[in-house]
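The following exercises ask the reader to work through a single protein model, one feature at a time. Each task is followed by a solution in steps.

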Amino acid sequence: MFEKMRKPLSLVLVLVMALSINGFTPKVADAEDMFEYTVGVEIATPYQLIVSDAVSLSKDDLTDDFGIGLSKDGKEDYTAARAFAKALRRYVFLKEIYKDGDDFTETDVKKANELMPKYLKSSMSEYGLFIEGIAADGKTMNAGTAKDGKVDPDGAWTVLMNDKPSDVGISSIVLSKDDSNDVSVFWASGASDFANGWPSLGRFEGASYVFADGRMYDGKCKEADGVKLVKDSYVYDAATGKSVAKSSPVSGGSVDLYYEDESEPLRSTYSKDDGSLELEGLNLRNGVYRVVATEDVQSADGTYTYSKIAYTEGALVYVGKPGIPQKVKTKVSGKKAKKNVKVSWKHPADHASYTDFYQVYISKKKSGGFKKIGKEPYDNKTTLKLKKGTYFIKVRCIRSMDCGDADGLETFYINGDFSAPVKVKVK
(Lines give C-alpha, C1' and ligand atoms only; values in the text may rest on other atoms or scores of the structure.)
Protein backbone atom coordinates (compact mmCIF):
# COMPACT_ATOMS: atom_id res chain seq x y z
CA MET A 1 0.00 0.00 0.00
CA PHE A 2 2.85 2.32 0.75
CA GLU A 3 4.90 1.59 -2.36
CA LYS A 4 6.31 4.91 -3.50
CA MET A 5 5.91 6.38 -6.95
CA ARG A 6 8.82 8.58 -7.97
CA LYS A 7 7.45 11.88 -9.14
CA PRO A 8 9.25 13.34 -12.20
CA LEU A 9 8.76 16.97 -11.21
CA SER A 10 11.78 17.97 -13.24
CA LEU A 11 9.85 17.06 -16.38
CA VAL A 12 7.49 19.93 -15.69
CA LEU A 13 10.47 22.25 -15.85
CA VAL A 14 11.61 20.61 -19.08
CA LEU A 15 8.17 21.23 -20.52
CA VAL A 16 8.24 24.88 -19.54
CA MET A 17 11.70 25.28 -21.06
CA ALA A 18 10.67 23.57 -24.28
CA LEU A 19 8.03 26.04 -25.43
CA SER A 20 9.68 26.30 -28.83
CA ILE A 21 8.64 22.72 -29.62
CA ASN A 22 5.09 23.50 -30.71
CA GLY A 23 4.32 20.28 -32.47
CA PHE A 24 4.72 19.32 -36.13
CA THR A 25 3.04 21.73 -38.54
CA PRO A 26 3.61 20.65 -42.17
CA LYS A 27 2.27 23.80 -43.88
CA VAL A 28 3.05 27.40 -42.99
CA ALA A 29 2.59 28.95 -46.41
CA ASP A 30 -0.64 30.90 -45.97
CA ALA A 31 -1.71 33.27 -43.22
CA GLU A 32 -4.73 31.09 -42.49
CA ASP A 33 -2.39 28.19 -41.74
CA MET A 34 -0.53 30.10 -39.05
CA PHE A 35 -1.21 29.48 -35.37
CA GLU A 36 -4.61 30.82 -34.41
CA TYR A 37 -4.75 30.11 -30.67
CA THR A 38 -2.23 29.95 -27.85
CA VAL A 39 -3.56 28.02 -24.88
CA GLY A 40 -2.14 27.60 -21.39
CA VAL A 41 -2.55 23.98 -20.28
CA GLU A 42 -2.07 22.34 -16.88
CA ILE A 43 -2.53 18.59 -16.47
CA ALA A 44 -2.33 16.71 -13.19
CA THR A 45 -2.73 13.05 -12.44
CA PRO A 46 -4.06 12.29 -8.96
CA TYR A 47 -0.43 12.16 -7.91
CA GLN A 48 1.30 15.09 -9.51
CA LEU A 49 1.36 18.05 -11.83
CA ILE A 50 2.89 16.74 -15.07
CA VAL A 51 2.21 19.52 -17.55
CA SER A 52 2.40 23.28 -17.12
CA ASP A 53 2.76 24.47 -20.66
CA ALA A 54 1.53 26.62 -23.52
CA VAL A 55 0.54 25.18 -26.89
CA SER A 56 -0.35 26.84 -30.15
CA LEU A 57 -3.15 25.49 -32.35
CA SER A 58 -3.45 25.86 -36.11
CA LYS A 59 -5.78 24.50 -38.80
CA ASP A 60 -3.60 21.41 -39.11
CA ASP A 61 -4.53 20.46 -35.56
CA LEU A 62 -8.19 20.15 -36.65
CA THR A 63 -7.25 17.16 -38.83
CA ASP A 64 -5.12 15.42 -36.18
CA ASP A 65 -6.69 12.75 -33.98
CA PHE A 66 -3.68 12.92 -31.56
CA GLY A 67 -3.82 9.15 -31.26
CA ILE A 68 -6.96 9.30 -29.10
CA GLY A 69 -9.74 9.34 -31.68
CA LEU A 70 -10.47 13.04 -32.08
CA SER A 71 -12.21 14.01 -35.30
CA LYS A 72 -9.96 14.35 -38.36
CA ASP A 73 -12.45 15.97 -40.72
CA GLY A 74 -11.27 19.50 -40.01
CA LYS A 75 -14.78 20.75 -39.33
CA GLU A 76 -14.58 20.77 -35.55
CA ASP A 77 -14.05 24.01 -33.66
CA TYR A 78 -10.88 24.78 -31.76
CA THR A 79 -11.64 23.18 -28.40
CA ALA A 80 -10.08 22.62 -24.99
CA ALA A 81 -9.88 18.92 -25.90
CA ARG A 82 -7.43 19.62 -28.73
CA ALA A 83 -5.30 21.90 -26.58
CA PHE A 84 -5.25 19.23 -23.86
CA ALA A 85 -4.35 16.51 -26.37
CA LYS A 86 -1.55 18.55 -27.93
CA ALA A 87 -0.03 19.42 -24.54
CA LEU A 88 -0.18 15.79 -23.43
CA ARG A 89 1.36 14.63 -26.71
CA ARG A 90 4.24 17.03 -26.18
CA TYR A 91 4.72 15.52 -22.72
CA VAL A 92 4.83 12.06 -24.35
CA PHE A 93 7.32 13.30 -26.96
CA LEU A 94 9.65 14.77 -24.33
CA LYS A 95 9.42 11.70 -22.14
CA GLU A 96 9.72 8.97 -24.78
CA ILE A 97 11.24 10.38 -27.97
CA TYR A 98 13.08 13.66 -27.45
CA LYS A 99 16.86 13.79 -27.51
CA ASP A 100 18.82 16.96 -26.89
CA GLY A 101 18.53 19.21 -29.95
CA ASP A 102 15.85 17.17 -31.70
CA ASP A 103 13.09 18.82 -33.73
CA PHE A 104 9.54 17.50 -33.58
CA THR A 105 9.31 15.82 -37.00
CA GLU A 106 6.40 14.23 -38.83
CA THR A 107 7.78 10.83 -37.86
CA ASP A 108 7.87 11.94 -34.22
CA VAL A 109 4.23 13.03 -34.45
CA LYS A 110 3.26 9.56 -35.66
CA LYS A 111 5.29 7.85 -32.90
CA ALA A 112 3.88 10.14 -30.19
CA ASN A 113 0.31 9.51 -31.39
CA GLU A 114 0.93 5.76 -31.20
CA LEU A 115 2.19 6.16 -27.61
CA MET A 116 -0.68 8.37 -26.42
CA PRO A 117 -2.88 5.43 -25.22
CA LYS A 118 -0.11 4.55 -22.73
CA TYR A 119 -0.60 7.93 -21.08
CA LEU A 120 -4.31 8.56 -21.55
CA LYS A 121 -7.19 6.21 -20.92
CA SER A 122 -10.17 7.73 -22.71
CA SER A 123 -13.20 7.03 -24.82
CA MET A 124 -15.25 8.92 -27.40
CA SER A 125 -18.99 9.39 -27.21
CA GLU A 126 -21.60 11.62 -28.78
CA TYR A 127 -20.43 14.27 -26.27
CA GLY A 128 -16.80 14.00 -27.35
CA LEU A 129 -13.71 13.01 -25.38
CA PHE A 130 -14.24 11.34 -22.00
CA ILE A 131 -11.15 11.14 -19.77
CA GLU A 132 -10.92 7.98 -17.68
CA GLY A 133 -7.30 8.02 -16.57
CA ILE A 134 -3.91 9.67 -17.03
CA ALA A 135 -0.57 7.91 -16.47
CA ALA A 136 2.41 10.10 -15.60
CA ASP A 137 4.82 7.22 -16.22
CA GLY A 138 3.06 5.64 -19.18
CA LYS A 139 2.33 2.57 -17.07
CA THR A 140 0.03 3.26 -14.14
CA MET A 141 -3.36 4.78 -14.90
CA ASN A 142 -4.40 6.97 -12.00
CA ALA A 143 -8.06 6.71 -12.83
CA GLY A 144 -11.07 6.88 -10.57
CA THR A 145 -12.46 3.38 -10.30
CA ALA A 146 -13.63 2.57 -6.77
CA LYS A 147 -13.40 -0.83 -5.08
CA ASP A 148 -16.75 -1.94 -6.49
CA GLY A 149 -15.60 -1.15 -10.00
CA LYS A 150 -17.80 1.91 -10.36
CA VAL A 151 -16.70 5.49 -10.70
CA ASP A 152 -15.50 6.70 -7.33
CA PRO A 153 -18.28 8.84 -5.83
CA ASP A 154 -15.74 11.16 -4.18
CA GLY A 155 -13.97 12.17 -7.34
CA ALA A 156 -13.97 12.76 -11.06
CA TRP A 157 -11.73 14.09 -13.79
CA THR A 158 -12.42 17.79 -13.83
CA VAL A 159 -11.83 20.54 -16.38
CA LEU A 160 -11.44 24.20 -15.55
CA MET A 161 -11.55 26.82 -18.29
CA ASN A 162 -9.90 30.09 -17.22
CA ASP A 163 -10.02 28.86 -13.62
CA LYS A 164 -13.76 28.22 -13.70
CA PRO A 165 -15.65 24.94 -13.95
CA SER A 166 -17.42 24.13 -17.18
CA ASP A 167 -20.93 22.72 -17.42
CA VAL A 168 -20.05 20.98 -20.71
CA GLY A 169 -17.50 18.35 -21.66
CA ILE A 170 -13.94 19.17 -22.67
CA SER A 171 -14.76 18.61 -26.36
CA SER A 172 -17.56 21.18 -26.13
CA ILE A 173 -15.44 23.95 -24.64
CA VAL A 174 -14.76 26.22 -27.62
CA LEU A 175 -11.70 28.45 -27.37
CA SER A 176 -12.21 32.19 -27.42
CA LYS A 177 -10.57 34.60 -29.88
CA ASP A 178 -11.09 37.55 -27.56
CA ASP A 179 -10.25 36.21 -24.10
CA SER A 180 -7.38 34.20 -22.65
CA ASN A 181 -7.59 30.42 -22.89
CA ASP A 182 -6.28 28.48 -19.91
CA VAL A 183 -7.24 24.83 -19.54
CA SER A 184 -6.70 22.76 -16.37
CA VAL A 185 -7.38 19.03 -16.25
CA PHE A 186 -7.07 17.24 -12.90
CA TRP A 187 -8.63 14.79 -10.49
CA ALA A 188 -11.15 16.48 -8.17
CA SER A 189 -13.18 15.21 -5.26
CA GLY A 190 -16.93 15.71 -5.20
CA ALA A 191 -19.08 18.47 -6.66
CA SER A 192 -17.53 21.90 -6.36
CA ASP A 193 -17.86 25.35 -7.83
CA PHE A 194 -14.03 25.77 -7.66
CA ALA A 195 -14.57 29.50 -8.08
CA ASN A 196 -11.02 30.29 -7.02
CA GLY A 197 -9.28 28.04 -9.49
CA TRP A 198 -7.35 24.82 -9.10
CA PRO A 199 -8.37 23.31 -5.74
CA SER A 200 -5.98 21.73 -3.30
CA LEU A 201 -7.98 18.68 -2.32
CA GLY A 202 -5.40 17.36 0.07
CA ARG A 203 -3.43 19.58 2.42
CA PHE A 204 -1.23 19.59 5.48
CA GLU A 205 -2.25 21.35 8.64
CA GLY A 206 -0.80 21.74 12.11
CA ALA A 207 2.94 21.98 12.65
CA SER A 208 5.29 23.69 10.20
CA TYR A 209 8.30 23.53 12.52
CA VAL A 210 9.31 20.24 14.14
CA PHE A 211 12.10 20.17 16.72
CA ALA A 212 14.24 17.16 17.51
CA ASP A 213 13.23 17.43 21.18
CA GLY A 214 9.54 16.94 20.29
CA ARG A 215 8.31 20.54 20.22
CA MET A 216 6.14 21.57 17.29
CA TYR A 217 4.90 24.97 16.11
CA ASP A 218 2.59 26.07 13.33
CA GLY A 219 3.29 28.81 10.78
CA LYS A 220 2.17 31.45 13.27
CA CYS A 221 4.64 30.17 15.89
CA LYS A 222 1.88 28.68 18.05
CA GLU A 223 2.30 25.27 19.64
CA ALA A 224 0.93 22.41 17.53
CA ASP A 225 0.28 18.77 18.33
CA GLY A 226 1.56 17.30 15.05
CA VAL A 227 1.59 17.47 11.28
CA LYS A 228 -1.69 16.22 9.83
CA LEU A 229 -2.75 15.23 6.35
CA VAL A 230 -6.37 16.07 5.60
CA LYS A 231 -8.61 16.23 2.55
CA ASP A 232 -11.42 18.58 1.68
CA SER A 233 -14.57 17.05 0.30
CA TYR A 234 -17.07 19.32 -1.38
CA VAL A 235 -20.75 18.69 -0.67
CA TYR A 236 -23.38 20.49 -2.71
CA ASP A 237 -25.81 22.54 -0.61
CA ALA A 238 -29.08 22.85 -2.51
CA ALA A 239 -30.29 25.65 -0.25
CA THR A 240 -27.44 27.99 -1.13
CA GLY A 241 -26.58 26.55 -4.53
CA LYS A 242 -22.93 26.31 -3.52
CA SER A 243 -20.52 23.59 -2.54
CA VAL A 244 -19.44 23.41 1.09
CA ALA A 245 -15.97 22.14 1.99
CA LYS A 246 -15.67 19.57 4.77
CA SER A 247 -12.32 18.36 6.05
CA SER A 248 -11.47 14.86 7.19
CA PRO A 249 -8.18 13.12 8.09
CA VAL A 250 -6.43 10.98 5.50
CA SER A 251 -5.53 7.61 6.99
CA GLY A 252 -2.82 5.57 5.33
CA GLY A 253 -1.59 8.33 3.05
CA SER A 254 1.87 7.77 1.57
CA VAL A 255 4.18 10.67 2.39
CA ASP A 256 7.61 11.41 0.91
CA LEU A 257 9.97 13.98 2.43
CA TYR A 258 12.34 15.66 -0.02
CA TYR A 259 15.32 17.37 1.60
CA GLU A 260 15.72 20.94 0.32
CA ASP A 261 16.36 20.78 -3.48
CA GLU A 262 16.98 17.04 -3.79
CA SER A 263 14.97 15.23 -6.49
CA GLU A 264 14.65 11.92 -4.62
CA PRO A 265 12.92 11.63 -1.23
CA LEU A 266 15.22 11.41 1.76
CA ARG A 267 12.62 9.69 3.92
CA SER A 268 9.18 8.14 3.48
CA THR A 269 6.41 7.72 6.02
CA TYR A 270 2.60 7.54 6.26
CA SER A 271 -0.37 9.18 7.92
CA LYS A 272 -2.02 7.45 10.89
CA ASP A 273 -5.74 7.02 11.57
CA ASP A 274 -6.12 10.61 12.76
CA GLY A 275 -4.18 11.93 9.74
CA SER A 276 -1.04 12.72 11.75
CA LEU A 277 2.29 11.87 10.16
CA GLU A 278 4.48 9.23 11.74
CA LEU A 279 7.74 11.09 12.35
CA GLU A 280 9.32 8.83 14.96
CA GLY A 281 12.58 7.19 13.93
CA LEU A 282 12.94 9.04 10.61
CA ASN A 283 16.37 10.41 11.56
CA LEU A 284 15.82 13.64 9.66
CA ARG A 285 18.53 16.12 8.81
CA ASN A 286 18.30 19.69 10.00
CA GLY A 287 16.73 21.82 7.28
CA VAL A 288 13.71 22.42 5.06
CA TYR A 289 11.69 19.60 3.54
CA ARG A 290 9.20 19.47 0.69
CA VAL A 291 6.51 17.08 1.88
CA VAL A 292 4.50 15.26 -0.79
CA ALA A 293 1.53 13.02 -0.07
CA THR A 294 -0.70 10.66 -2.02
CA GLU A 295 -3.49 8.35 -0.94
CA ASP A 296 -3.14 5.10 -2.87
CA VAL A 297 -6.29 3.12 -3.60
CA GLN A 298 -6.15 0.06 -5.83
CA SER A 299 -8.76 -0.39 -8.54
CA ALA A 300 -11.13 -3.35 -8.34
CA ASP A 301 -9.40 -5.20 -11.18
CA GLY A 302 -5.93 -4.37 -9.84
CA THR A 303 -4.80 -2.69 -13.04
CA TYR A 304 -4.25 0.80 -11.72
CA THR A 305 -4.45 3.04 -8.66
CA TYR A 306 -5.93 6.42 -7.96
CA SER A 307 -5.88 9.00 -5.21
CA LYS A 308 -8.72 10.90 -3.58
CA ILE A 309 -6.53 13.77 -2.45
CA ALA A 310 -4.70 14.59 -5.68
CA TYR A 311 -1.08 15.71 -5.60
CA THR A 312 -0.54 17.34 -2.22
CA GLU A 313 2.56 19.29 -1.29
CA GLY A 314 3.58 21.14 1.85
CA ALA A 315 6.70 22.38 3.59
CA LEU A 316 8.22 21.33 6.88
CA VAL A 317 11.19 22.77 8.75
CA TYR A 318 13.01 20.23 10.90
CA VAL A 319 15.16 21.77 13.61
CA GLY A 320 17.63 19.07 14.52
CA LYS A 321 19.83 18.87 17.57
CA PRO A 322 23.17 20.60 16.95
CA GLY A 323 26.34 18.58 17.06
CA ILE A 324 28.74 18.31 19.99
CA PRO A 325 31.79 20.61 20.11
CA GLN A 326 34.97 18.56 19.60
CA LYS A 327 38.50 18.70 21.02
CA VAL A 328 37.90 21.22 23.81
CA LYS A 329 41.22 22.72 24.97
CA THR A 330 42.27 25.23 27.63
CA LYS A 331 45.31 27.51 27.97
CA VAL A 332 46.14 29.52 31.13
CA SER A 333 48.08 32.77 30.94
CA GLY A 334 48.64 35.98 32.95
CA LYS A 335 50.29 36.99 36.23
CA LYS A 336 47.42 38.59 38.12
CA ALA A 337 45.27 36.94 40.79
CA LYS A 338 42.67 36.18 38.12
CA LYS A 339 44.29 34.39 35.22
CA ASN A 340 43.17 34.36 31.61
CA VAL A 341 41.87 30.91 30.65
CA LYS A 342 41.42 30.60 26.90
CA VAL A 343 38.91 27.89 26.01
CA SER A 344 38.80 26.69 22.40
CA TRP A 345 37.08 23.86 20.56
CA LYS A 346 36.40 22.51 17.11
CA HIS A 347 33.03 23.30 15.51
CA PRO A 348 30.68 20.33 15.02
CA ALA A 349 30.38 19.20 11.41
CA ASP A 350 26.99 20.85 10.84
CA HIS A 351 27.91 24.25 12.30
CA ALA A 352 28.59 26.14 9.06
CA SER A 353 25.08 25.64 7.65
CA TYR A 354 23.12 27.10 10.53
CA THR A 355 23.11 30.01 12.99
CA ASP A 356 24.55 28.44 16.13
CA PHE A 357 26.22 29.84 19.20
CA TYR A 358 27.91 28.22 22.18
CA GLN A 359 27.55 28.12 25.94
CA VAL A 360 30.43 27.38 28.29
CA TYR A 361 29.72 25.77 31.67
CA ILE A 362 32.10 25.50 34.62
CA SER A 363 32.21 23.57 37.89
CA LYS A 364 34.70 22.59 40.58
CA LYS A 365 33.35 19.05 40.40
CA LYS A 366 33.52 16.76 37.41
CA SER A 367 30.22 15.08 38.15
CA GLY A 368 27.91 18.07 38.68
CA GLY A 369 27.29 21.62 39.82
CA PHE A 370 27.94 23.15 36.41
CA LYS A 371 26.87 26.75 35.76
CA LYS A 372 26.99 28.86 32.64
CA ILE A 373 29.83 31.36 32.58
CA GLY A 374 30.89 34.19 30.32
CA LYS A 375 29.44 35.27 27.00
CA GLU A 376 27.71 33.08 24.39
CA PRO A 377 30.23 33.17 21.53
CA TYR A 378 29.42 32.42 17.91
CA ASP A 379 33.08 31.65 17.33
CA ASN A 380 34.82 28.52 18.63
CA LYS A 381 36.72 30.20 21.44
CA THR A 382 36.28 32.40 24.49
CA THR A 383 38.42 33.68 27.36
CA LEU A 384 37.50 33.34 31.04
CA LYS A 385 38.94 35.13 34.11
CA LEU A 386 39.49 32.53 36.88
CA LYS A 387 41.05 32.55 40.32
CA LYS A 388 43.44 29.92 41.59
CA GLY A 389 41.84 26.49 41.73
CA THR A 390 40.88 23.37 39.81
CA TYR A 391 37.96 23.57 37.41
CA PHE A 392 36.05 21.44 34.94
CA ILE A 393 34.80 23.04 31.75
CA LYS A 394 32.36 21.76 29.12
CA VAL A 395 30.77 23.34 26.04
CA ARG A 396 27.53 22.88 24.16
CA CYS A 397 26.09 24.27 20.95
CA ILE A 398 22.73 26.06 20.77
CA ARG A 399 20.76 26.15 17.53
CA SER A 400 18.36 29.00 16.88
CA MET A 401 15.37 29.10 14.53
CA ASP A 402 13.42 32.23 13.61
CA CYS A 403 9.68 31.83 13.14
CA GLY A 404 7.19 34.31 11.71
CA ASP A 405 7.89 37.53 9.82
CA ALA A 406 9.09 41.08 10.47
CA ASP A 407 5.79 41.94 12.12
CA GLY A 408 5.98 39.11 14.60
CA LEU A 409 9.34 37.39 14.58
CA GLU A 410 9.99 34.87 17.33
CA THR A 411 13.15 32.87 17.93
CA PHE A 412 13.20 29.32 19.26
CA TYR A 413 16.23 27.45 20.54
CA ILE A 414 17.29 23.83 20.81
CA ASN A 415 20.19 22.72 22.99
CA GLY A 416 22.91 20.34 21.91
CA ASP A 417 24.66 17.83 24.12
CA PHE A 418 27.66 18.87 26.21
CA SER A 419 31.21 17.97 25.37
CA ALA A 420 33.07 15.82 27.89
CA PRO A 421 34.33 17.91 30.87
CA VAL A 422 37.92 19.13 30.54
CA LYS A 423 40.04 19.67 33.65
CA VAL A 424 42.05 22.89 34.06
CA LYS A 425 44.28 24.01 36.94
CA VAL A 426 44.82 27.70 37.65
CA LYS A 427 47.91 28.31 39.82
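**Preliminaries: the chain as a whole**

Of the contacts in the protein chain with a separation of 6 or more, 62% are between residues 24 or more positions apart, contact meaning heavy atoms within 4.5 Å. This is a predicted model, in which local features need pLDDT of at least 70, side-chain atom pairs count only at pLDDT 80 or more, and totals for chains, interfaces and linings use all residues. Residues are numbered from 1 along each chain as its sequence is written, and side-chain values use heavy atoms, with hydrogens and water left out.

**Exercise 1. State the secondary-structure content and the buried share of the protein chain.**

Step 1. Three helices and 26 strands are present in the protein chain; helices (H or I, at least four residues) and strands (E, at least two) are DSSP runs, numbered from the N terminus.
Step 2. Of its 427 residues, 48% count as buried. Buried means under 20% relative accessible area, exposed over 50%, and partly exposed in between (1.4 Å probe, protein chains only).

**Exercise 2. Compare the length of helix 2 with its expected span, and assess its burial.**

Step 1. The expected span is 1.5 Å times one less than the number of residues.
Step 2. For the 18 residues of helix 2 (residues 80-97) this gives 26 Å, and the end C-alpha atoms are 25 Å apart, which agrees.
Step 3. Because 16 of the 18 residues are buried, helix 2 is largely enclosed by the rest of the structure.

**Exercise 3. Describe the sheet that contains strand 19.**

Step 1. The open sheet has three strands in the order 19-20-23, with antiparallel pairing; two strands pair if DSSP finds at least two bridges between them.
Step 2. Strand 19 (326-333) and strand 23 (381-386) are the edge strands, each pairing on one side only.
Step 3. Strand 19 and strand 20 (residues 339-346) are joined by six bridges. Lys331 has Lys342 in strand 20 as its bridge partner.

**Exercise 4. Identify the edges of the six-stranded open sheet.**

Step 1. The strand order is 10-9-18-15-13-14, and the pairing is mixed.
Step 2. Strand 10 (216-217) and strand 14 (267-270) each have a single partner strand, so one side of each is left without a neighbour in the sheet.
Step 3. Strand 10 pairs with strand 9 (residues 209-211) in the antiparallel sense over two bridges; Tyr217 in strand 10 is the bridge partner of Tyr209.

**Exercise 5. Locate Asp182 and list its contacts.**

Step 1. Asp182 belongs to strand 7 (residues 182-188) and, at 36% relative accessibility, counts as partly exposed.
Step 2. Val39 is 143 residues from Asp182 in sequence, yet their C-alpha atoms are 5.7 Å apart.
Step 3. Beyond neighbours within four places in sequence, Asp182 contacts Gly40, Leu160, Met161 and Asn162.

**Exercise 6. Analyse the aromatic pair of Phe357 and Tyr378.**

Step 1. The structure holds twelve aromatic pairs, counted where ring centres of Phe, Tyr and Trp (its six-membered ring) lie within 6.5 Å; planes under 30 degrees apart count as stacked, over 60 as edge-to-face and the rest as tilted.
Step 2. Phe357 and Tyr378 are edge-to-face, with 5.8 Å centre to centre and 65° between the planes.
Step 3. Phe357 lies in strand 21 (residues 356-363) and Tyr378 in the loop between strand 22 (371-373) and strand 23, so the pair ties together parts 21 residues apart in sequence.
Step 4. Phe357 counts as buried at 8% relative accessibility, whereas Tyr378 counts as exposed at 53%.
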